[in-house]
Amino acid sequence: MRKRTRALLGSLAAAAMISLAPAAANADGYWQCVPFARLMSGIQIFGDARTWWSQAAGKYDTGSVPKIGSVLSFKPTARMNLGHVAFVSQVLTDRVIQVTHANWSIIEGDRGQIEQDVTVVDVSPNGDWTQVKVWYDPIRDLGTTVYPTNGFIYQDAQAMKIAVATSKIAMAQNAVVSAAKQAANQVASSVRSSPLDIISQAADSTDRIAALIEAATGGGSSGDNANKQNPPR
């Protein structure tokens, strides 16, 4: 019981730390995906990410439905032979989620970084989260790589409640910061731009977001984008 309590408190503290820090910030140095996912979720599985799915059998519930606080398990591939695990921080739709994970993108030339609320899109033919695309920071896009996944490993009920509460706090904090930044940008833009320019910029931004979602949910063939580097492990 004490071990589980410490794990839950550690998960809550880690989530609070991430919610207050800039995205991709990592004050503690190099993070691997496994210890970070374990710390955030409270799921007590050890060993390489590729072993998490088999280890979860009989210990944790698993499935194909994304839930806040669960861990998305990635299958190993030729270029990602240790697999990957990512903490589900938000569920946007039945086929679009956001994860907070470590050691995926190269941030400012460094590996082992933490990224908060990274977009992941289900592109599997049957909508069962067996194939996904993941936002890759260096190219500021989802790219074309399709990653095979096992599914989601769920926390127990108590840990799930803590994860949901923490995620809501983080979302509220992010909304406040985002609103403040948007207001500041609008003021700055209004000083140097005409009203017609502002309307045009807003339309361009909306089109860009729509095009990104359409491209992501359209599936696409597996393989690396020409400018994309495989996530380091």
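Which residue's side chain meets that of Arg50 in a salt bridge? The side chain of Asp48 does so, with a distance of 3.9 Å from N to O. This pair belongs to a predicted model, and the sections below go from the chain as a whole to particular residues and then return to the salt bridges.

## The chain as a whole

The chain is built from five helices and seven strands, and along the sequence these elements follow the pattern α-α-α-β-β-β-β-β-β-β-α-α. Of the 233 residues in the chain, 41% are buried.

Where contacts between residues at least 6 apart in sequence are concerned, 60% of them join residues that are at least 24 apart. The accessible surface of the chain amounts to about 12,300 Å², and carbon and sulfur atoms account for 57% of that surface.

## Val85 and its surroundings

Val85 is part of strand 3, which covers residues 84–93. This residue is buried, because its relative accessible area is 0%, and the limit for being buried is under 20%.

Leaving aside residues up to four places away in sequence, Val85 touches Cys33, Val34, Ala37, Ala49, Trp52, Val71, Leu72, Ser73, Phe74 and His101. Trp53 stands 32 residues from Val85 along the chain, and the C-alpha atoms of these two residues are separated by 9.7 Å.

## Strands 5, 6 and 7

Strand 5 (residues 114–122) pairs with strand 6 (residues 131–134) in the antiparallel sense, and three bridges connect them. Within this pairing, Asp122 has Val132 of strand 6 as its bridge partner.

Strand 6 is also joined to strand 7 (residues 147–153), again in an antiparallel arrangement, here by two bridges. Val132 appears in this pairing as well, standing opposite Tyr147 of strand 7, so that, taking the two pairings together, Val132 has Asp122 as one bridge partner and Tyr147 as a residue opposite it in strand 7.

## A cluster of aromatic rings

The structure holds five aromatic pairs. In one of them, the ring centres of Phe74 and Tyr147 lie 6.3 Å apart and the ring planes meet at 75 degrees, so the pair is edge-to-face. This pair links distant parts of the chain, since Phe74 lies in strand 2 (residues 71–74) and Tyr147 in strand 7, 73 residues apart. Both residues are buried, Phe74 at 2% relative accessibility and Tyr147 with a relative accessible area of 2%.

Tyr147 also pairs with Trp104 in an edge-to-face manner, with 4.9 Å from centre to centre and 65 degrees between the planes. Trp104 lies in the loop between strand 4 (96–102) and strand 5, while Tyr147 lies in strand 7, so this pair ties together parts that are 43 residues apart in sequence. Trp104 is buried, its relative accessible area being 0%. Through such ring pairs Phe74, Trp104 and Tyr147 are linked into a cluster.

A ring also takes part in another kind of arrangement, in which Lys67 lies over the face of Tyr154, at 4.7 Å from the ring centre.

## Salt bridges

How many salt bridges are counted in the structure? The count comes to three. In the one between Arg50 and Asp48, Arg50 is partly exposed with a relative accessible area of 42%, and Asp48 is likewise partly exposed at 34% relative accessibility.

Another salt bridge is formed by Asp122 and Arg95, whose closest N and O atoms are 3.1 Å apart. Asp122 lies in strand 5 and Arg95 in the loop between strand 3 and strand 4, so the pair ties together parts that are 27 residues apart in sequence. Asp122 is buried, with a relative accessible area of 2%, whereas Arg95 is partly exposed at 29%. Asp122 therefore combines a buried position with a bridge to Val132 of strand 6 and a salt bridge to Arg95.

The remaining salt bridge joins Asp137 and Arg140, and their closest N and O atoms are 2.4 Å apart. Asp137 counts as partly exposed because its relative accessibility is 21%, which is not under the 20% that marks a buried residue. Arg140 is also partly exposed, at 49% relative accessibility, because a residue is called exposed over 50%.

Terms used
Residues numbered from 1 in each chain as written. Predicted model: local features only at pLDDT ≥ 70, side-chain atom pairs only at ≥ 80, totals over all residues. Heavy atoms only, no water. Helix = DSSP H or I, 4+ residues; strand = E, 2+ residues; numbered from the N terminus. Buried < 20%, exposed > 50% of the residue type's maximum accessible area, 1.4 Å probe, protein only. Contact = heavy atoms within 4.5 Å. Areas by Shrake-Rupley, 256 points an atom, 1.4 Å probe, with all protein chains shown as cover. Pairing = 2+ DSSP bridges. Phe/Tyr/Trp six-rings, centres within 6.5 Å; stacked < 30°, edge-to-face > 60°. Lys NZ or Arg CZ within 6 Å of the ring centre and 35° of its normal. Salt bridge = Lys/Arg side-chain N within 4 Å of Asp/Glu carboxyl O.
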